[in-house]
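User: I would like to go through some labels attached to this model and see what each one rests on.

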Amino acid sequence: MQYRKLGTTGLDVSPIAIGAMTYGEPDRGHPVWSKGEEEARPLIKHALDAGINFFDTANMYSNGSSEEILGRALKDFANRDDVVIATKLRHPMRPGPNGKGLSRKAIMTEVDHSLERLGTDYIDLYQVHRNDHDTPLEETLEALSDLVKAGKVRYLGASSMFAWEFAKALNLQKQHGWARFVSMQDHYNLLAREEEREMIPLCLDEGVGTVIWSPLARGRLSRGWDDARSTARSESDGAYADLLYSPAEEESNHAIIDAVGEVAAAHGVSRATIALAWLHRQPVVTAPLVGANSTQQIDDAIASLAVELTDDEVTSLIAPYTPRYDFQGVSDEATMAAIRARVPGMALR
């Protein structure tokens, strides 16, 4: 495994990260598709044995069960100082006041809960799980910086938001001498490239590394067109699953998925391997998050590191793309609000 730096930091991470949302006791979150501890542990060990040292979770995943499972597995299978543990906070963890958000109180409370569930005394990368528009940004940033000074957190990261919001946060951190966001966990794949407009250029300019969520477009890029839209997760998520990939772009999506299949056949590898290989070509990408539910999926992700795509192959993969999220035909305000909340920062046409 060839490791790389996270952004402009000195932190070495594997170019494949394991997304632990897949792991969590089914009775605590996602009964249809999450893997309980007995199933998750062999997958985590397989990743470690392959040289992957980067693991990402969140306090909300399966109501804390993901952190617990990941923490116990890493304690049993790895040297704590050799692995990079990333987790996130913002979403509701309990009812009532101060049970969610990015206030100083919530941050100081949730970091301790995450540390306890993970069974560690420090978190390598602590990320805001979207913005909290009900809390002053300065309050959030200062509290996060205090966690770094206290030694509970090594680095800070952010996740999907508008580019102007991220630029504002980076400027405030520099202005006040607070610990800086070193990473952006962003939505980016062959079917969703809108972040190339603003966020990705901003991250390149600021030296911020990106950690990519949904790199396979909820699995659509790992299967042929006829099978691309039906998974246990998409069926359980209902209409929400389609908010990221508008039916208005089906012709474009179809062409891209077909191109992925053709390139995969030419290389003798899986479709997932090709989709991830394309991401590795992007200089802003530090590591895609792979929510693997089998050892084969981990192996396919690792195989992507050895694939060298030709310029012609890349052209075939990106040429069919059309801008996403055309809301001109959407009249349902609730759907509009849900899409905007889910994919902030996406330029609309």
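The turns below set values against their definitions.

Analyst: This is a predicted model, in which local features need pLDDT of at least 70, side-chain atom pairs count only at pLDDT 80 or more, and totals for chains, interfaces and linings use all residues. Residues are numbered from 1 along each chain as its sequence is written, and side-chain values use heavy atoms, with hydrogens and water left out.

User: Why is Ser62 called buried?

Analyst: Buried means under 20% relative accessible area, exposed over 50%, and partly exposed in between (1.4 Å probe, protein chains only). Ser62 has 1% relative accessibility, so Ser62 counts as buried. Ser62 lies in the loop between strand S4 (54–56) and helix H2 (65–77); helices (H or I, at least four residues) and strands (E, at least two) are DSSP runs, numbered from the N terminus.

User: What makes the phi of Ser62 worth listing?

Analyst: Phi of Ser62 is near 50°, a positive value in a residue other than glycine. Most residues other than glycine have a negative phi. Asn63, in the loop between S4 and H2, also has a positive phi, near 55°.

User: Is Asn63 buried, partly exposed or exposed, and why?

Analyst: Asn63 has 41% relative accessibility, and therefore counts as partly exposed.

User: How do you know which class Asp258 belongs to?

Analyst: The relative accessible area of Asp258 is 34%, so Asp258 is partly exposed. Asp258 is placed in helix H8 (residues 250–267).

User: What about Met1, and why?

Analyst: Met1 is found in the segment before strand S1 (4–5). The relative accessibility of Met1 is 33%, so Met1 is partly exposed.
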